[in-house]
Amino acid sequence: MTPIIDTAREAVTERLAPLRESLEERARDTRRAITRGRHAAEDFAAETALKVRRRPLESIAIAAGVGAIVGALFGVALGWRAHNRRA
């Protein structure tokens, strides 16, 4: 190649090197965070399964209570939205 192109390539590479290093570092940090999150989710799932096996009736009662609360909130929200549409 010509010396001008080589010089330009070197200049661009030199200028972009800190940006590239920063992006690579952020990508590594992101991969590590994803791995930590996945491990935390797996630990949570295992712990929850263990609690359900130890106390099945309590788990069913909690799930039913949460379902009833979410259902009631959803019903109130739909009713409120329908009422506001008519007005």
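Start by selecting Glu-24 and Arg-20: both sit in helix 1, four residues apart, or about one turn of the helix. This is a predicted model. Show the two side chains. Glu-24 and Arg-20 form a salt bridge, with their closest N and O atoms 3.2 Å apart. Side chains of opposite charge can pair when their charged atoms come close. The structure holds four salt bridges.

Now select the whole of helix 1, residues 3-54. Helix 1 counts 52 residues. From its first C-alpha to its last, helix 1 reaches 74 Å, close to the 76 Å expected at 1.5 Å a residue.

Where does helix 1 bend? Go to Leu-16: the bend there is about 40°. Then look a little further along for a proline, Pro-18, which follows within four residues.

Keep Leu-16 selected and add Val-12, Leu-19 and Leu-23. Together these four make a nonpolar surface patch of about 370 Å². Leu-23, like the salt-bridge pair, has its place in helix 1.

Next stop: the largest pocket. Rolling a probe the size of a water molecule over the atoms shows where empty space is left. The largest pocket has a volume of about 200 Å³. Select its lining: Thr-48, Lys-51, Val-52, Arg-54, Arg-55, Glu-58, Ser-59 and Ile-62.

Which helix gives the largest share of this lining? Color by helix. Helix 1 does, with four residues. Helix 2 (56-86) also takes part: helix 1 and helix 2 each supply at least two lining residues.

Key: Residues are numbered from 1 along each chain as its sequence is written. This is a predicted model: local features need pLDDT of at least 70, side-chain atom pairs count only at pLDDT 80 or more; totals for chains, interfaces and linings use all residues. Side-chain values use heavy atoms; hydrogens and water are left out. Patches are made of residues with over 30% relative accessible area and no salt bridge: like charges are joined within 9 Å, nonpolar side chains (Val, Leu, Ile, Met, Phe, Trp, Tyr) within 5 Å. Accessible areas come from the Shrake-Rupley method with a 1.4 Å probe; for residues, only the protein chains shown count as cover. A salt bridge is a side-chain nitrogen of Lys or Arg within 4 Å of a carboxyl oxygen of Asp or Glu. The expected span of a helix is 1.5 Å times one less than its number of residues. The bend at a residue is the angle between axes fitted to the seven residues ending there and the seven starting there. On a 1 Å grid over the protein atoms alone, a cavity is a set of points where a 1.4 Å probe fits but cannot get out, and a pocket is an open set with protein on both sides within 12 Å along at least five of seven lines; lining residues have an atom within 4 Å of a point. Grid points are joined across faces, edges and corners, and a volume is the space filled by probe spheres set on the points.
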